[in-house]
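Work through the exercises below with the sequence and the coordinates open. Each task is followed by a solution in steps.

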Amino acid sequence: MSYKSVNHIDILLIDDDEDDYVVLRDLFSDIRTIRYNIVLKRTYQDGLAELLTGRYDACLLDYMLGEKTGLELLHEAQKNRVRSPIILLTGHGDFELDVRAMQTGAADYLVKGQITSNMLERSIRYSMKHAFDMEELRKSQEQVLRQDRLASLGLLASSLAHEIGTPLGIIRGRAELLVNGNASADEVKENMSLVITQIDRISALVKSLLNLARGKQSEHAAAVNLSRVVQDIKNLMSHELERKSIAFEMGVEEGLLVRAESGPLAQVFLNLLVNSVYAIEEKNKDNPVDANKISIIAQRRGARVEIKVTDTGGGISVENIKKLFQPFFTTKDIGVGTGLGLATSYKLIQSWGGSIEVESKLNLGTSFTIILRAP
Ligand SMILES: Nc1ncnc2c1ncn2[C@@H]1O[C@H](COP(=O)(O)OP(=O)(O)OP(=O)(O)O)[C@@H](O)[C@H]1O
Ligand SMILES: [Mg+2]
């Protein structure tokens, strides 16, 4: 369905009363500005099947449909994500029904016998415009989510390539040494144990990645092992942190559970950590210090779990703090940041019934407090 440049409008009328059809057809024929093609279906089943084809610009739906009601059909249409706007027709003015129709997703509500052609034209035009706007909104939201997923996937991929590249290089070097040289038994033992350590490091990384990926499929919040998620993130980032001389403190009791989704929760922490590393690096550019630190500390507080992610970066100005959770707010260069990290985190945490807040002092550092429910 397209809202713009229409020369005719396809209307599906679902109504078991032939008289209604005749009345509506006459009303439509009085509208001169545009041509309407009306298809009539008389039963719940036929009407629903026709609606699901997605061919119609709008649907007029009778409230009384034999055994079933228009509300039931509306409900079914919602479940099947029908995008055509549906206007409910009823024989009597009933405010409560009107409210229920709107709640079930009706675009509008017209009382039979009181409908004029102007009213009909206007109702259809507004409903179509609204459906068009909703569709545009849905598309742009989808795009935002896709971009964000791509951004974090890219981040993961590059950090993983880096993380795995180092131990692979060590393994290869040691293996070459053993193949080419004539090492003593002690040297063989020493080199091989180093190889084993590096293989374990790769295994831990792969396991972390699997944990992150597995959680992605879950649609609903459930009990998530917070210590494992944080440990996985730590494994992914530890090399990077070491290389940049940033100390990392993890204070999460083993087996502490929170209500969330593990993949997205890992993304939340990953973004916070990447932000903190960036803030610390930026601060060090102007004013290098050795005491760089990031910590993740969790504490159970009754039915809630409080998680504090704190860094010793350059902090955030009062001006910027207000915009922090807005989508696309970033102080980073194009290609470095998209400004979606915190906006996405905020939405995710909210969807799990939690909250996220920030406290920051310029030149001293920043602390994010996430509160999640204990499951
Ligand atoms: N720990 C922090 N210390 C200082 N500034 C921060 C910190 N965390 C976030 N910010 C500021 O908030 C902005 C928005 O962060 P957010 O994570 O939403 O987006 P981004 O990091 O810029 O981009 P993306 O996460 O999409 O790659 C950052 O550009 C930065 O200016
Ligand atoms: Mg970020």
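**Exercise 1. A buried asparagine and its surroundings**

Task: Decide whether Asn271 is buried or exposed, and then find what the side chain of Asn271 contacts.

Solution.
Step 1. The model is predicted. Asn271 has a relative accessible area of 18%; the limit for buried is under 20%, so Asn271 counts as buried.
Step 2. Locate the residue. Asn271 belongs to helix α8 (residues 262-286), as does Asn275. The two are four residues apart, which is about one turn of the helix.
Step 3. Look for the metal. The magnesium ion (ligand 2) is coordinated by OD1 of Asn271 and OD1 of Asn275, at 2.2 to 2.3 Å.
Step 4. Look for ligand 1. The side chain of Asn271 has an N or O atom 2.9 Å from an oxygen atom of ligand 1. For the side chain of Asn275, the corresponding distance to an oxygen atom of ligand 1 is 2.8 Å.

**Exercise 2. The surroundings of ligand 1**

Task: Which residues come nearest to ligand 1?

Solution.
Step 1. There are 20 residues around ligand 1, and Thr330, Thr331, Lys332, Thr338 and Leu342 come nearest.
Step 2. Place one of these. Leu342 is in helix α10 (residues 341-351), where it is buried, as are Ala343, Thr344, Ser345, Leu348 and Ile349. After α10 comes Gly353, with a positive phi near 80°.
Step 3. Add a contact through nitrogen. A nitrogen atom of ligand 1 is 3.5 Å from an N or O atom in the side chain of Thr366.

**Exercise 3. Order of a sheet**

Task: Give the strand order of the open sheet of five strands, and state which strands are at the edge.

Solution.
Step 1. The order is β2-β1-β3-β6-β7, with parallel pairing.
Step 2. β2 (35-41) and β7 (108-111) each pair on one side only and are the edge strands.
Step 3. On average, with direction ignored, neighbouring strands of this sheet are turned by 25° against each other.
Step 4. Add the helices. Helix α1 (residues 18-29) packs on the sheet and touches β1 (8-14), β2, β3 and β6; its direction makes about 175° with that of β2. Helix α3 (residues 70-79) lies across β1, β3 and β6, at about 170° to β6.

**Exercise 4. Strand β6**

Task: Explain why β6 is described as largely enclosed, and list its pairings.

Solution.
Step 1. Five of the five residues of β6 are buried, so the strand is largely enclosed by the rest of the structure.
Step 2. Ile86, Leu88 and Thr90 point one way from β6, while Ile87 and Leu89 point the other way.
Step 3. Four bridges join β6 (residues 86-90) to β3 (residues 58-62), and these strands run parallel. Opposite Ile87 stands Leu60, and opposite Leu88 stands Leu61.
Step 4. β6 also pairs with β7 over four bridges, in the parallel sense. Leu88 has Tyr109 as its bridge partner in β7.

**Exercise 5. Thr369**

Task: Is Thr369 buried or exposed, and which residues does it contact?

Solution.
Step 1. Thr369 is in strand β14 (residues 365-373). Its relative accessibility is 13%, so Thr369 counts as buried.
Step 2. Neighbours within four places in sequence are left aside. Thr369 then contacts Glu306, Ile307, Lys308, Ser355, Ile356 and Glu357.
Step 3. With Lys308 there is a polar contact of 3.0 Å between the side chains.

Technical notes. Residues are numbered from 1 along each chain as its sequence is written. Chains are lettered from A and ligands numbered from 1 in the order in which they are written. This is a predicted model: local features need pLDDT of at least 70, side-chain atom pairs count only at pLDDT 80 or more; totals for chains, interfaces and linings use all residues. Side-chain values use heavy atoms; hydrogens and water are left out. Buried means under 20% relative accessible area, exposed over 50%, partly exposed in between (1.4 Å probe, protein chains only). Donors are N, O and S atoms within 2.8 Å of the metal (3.2 Å for Na, K and Ca); water is not among the atoms, so sites may look incomplete. Two strands pair if DSSP finds at least two bridges between them. Axes are lines fitted to C-alpha atoms, for helices over the stretch in contact, and angles run from 0 to 180 degrees between N-to-C directions. Contact means heavy atoms within 4.5 Å. A residue is near a molecule or strand if one of its heavy atoms lies within 4 Å of it. A polar contact is a pair of N or O atoms within 3.5 Å; within protein, one must be able to donate a hydrogen and the other to accept it, and residues adjacent in sequence count only if both atoms are side-chain atoms.
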